[in-house]
Amino acid sequence: MARPLHTKGTRGKCLPSVLALLTLLASVSVHIAEGISFDMMFQTKCLFQDIENGQASTVEWRAVSIKSIKQHQEEDNVFSIEDADDIPVNVVITSPVPRSAPLYQGQNEPEGKFNINADHGDAEEDYKICFTVRDAATAKDTKLVVNWRVGALAQDWEVLAKKEHIDHISVELQKYEDLVKEMRQEMLHMKKVDKIALKTREAAHKRVEFFSLMTMVVCIAFTVGQYFFLKRFFKSKKLL
């Protein structure tokens, strides 16, 4: 009779691995939740995101003044970017579907949030969000803070917990479970891509070998033909 999978010894051995995995996922989720910030520099700046078909995504943004950040840092020494002055920007979000209407268009919005449910069929390009300011001078004074979350990280877990009356620990475990599922799907996808790349490399290697062999045969044939031609030529001139 087979033993149960979750024995006491097995559970004790697996506990450190589970805790390590949860710690890693927590650090990854915190890092992604912080988003990215960068200076615009140009009047229009675009970001791209690869989202699988059927996957949920949430993008949040805010545009602030670089001058106000430096000014507050000089005056207060300790400063949060949340206290910076806002700068209005025009925002356009588009999908990979060719010639489709923008998913979202906003005028003079210093900050915003938009939810995307990916439905692009067989289109292979990325989703795109573009920010545009009034002029080049404004662009040099604009810092963008963008947080683009995909999959499990795009889920509003606090709202879900209140809606389904789930405690905080259960919500965190469910979040990490979804993250693990997404990581597994990503690993399977990378494995599939690696197999395709391996087949492509092998096919290319075979073609290179074939063309190398054909080049060698042609060179040898020309060399032999040139030898007999010159031999006949010199005999006809009675030089040999």
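## Thr 58 and its surroundings

Does Thr 58 count as buried or exposed? In this predicted model, Thr 58 has a relative accessibility of 3%. The cut-off for buried is under 20%, so Thr 58 counts as buried.

Let's place this residue in the fold. Thr 58 belongs to strand β3, which covers residues 56–65. Its side chain makes a polar contact with the side chain of Asn 115, at 3.0 Å. Asn 115 falls within β6 (111–117).

## The four-stranded sheet

Both of those strands take part in an open sheet of four strands, ordered β1-β8-β3-β6 and paired antiparallel. The edges are held by β1 (36–39) and β6 (111–117); each has a single partner strand, so one side of each is left without a neighbour in the sheet. On average, neighbouring strands here are turned by 20° against each other, direction ignored.

At the β1 edge, the partner is strand β8 (residues 142–150), and the two pair in the antiparallel sense over four bridges. Here you can find Ile 36 opposite Val 146 in β8.

## Where to trust the model

A word on confidence is useful while you look around. The mean pLDDT of the protein is 78, and 75% of its residues reach 70 or more. Among the elements, strand β4 (residues 89–94) has the highest mean pLDDT, 93, while helix α1 (residues 8–33) has the lowest, 45.

Two stretches have pLDDT below 50. Over residues 1–16 the value is below 50, and this stretch has two contacts beyond near neighbours in sequence. Residues 24–33 are also below 50, with 11 such contacts in the model.

Note on methods:
Residues numbered from 1 in each chain as written. Predicted model: local features only at pLDDT ≥ 70, side-chain atom pairs only at ≥ 80, totals over all residues. Heavy atoms only, no water. Pairing = 2+ DSSP bridges. Axes fitted to C-alpha atoms, helices over the stretch in contact; angles between N-to-C directions. Buried < 20%, exposed > 50% of the residue type's maximum accessible area, 1.4 Å probe, protein only. Polar contact = N/O pair within 3.5 Å; in protein donor to acceptor, adjacent residues only side chain to side chain. pLDDT = per-residue confidence, 0-100. Contact = heavy atoms within 4.5 Å.
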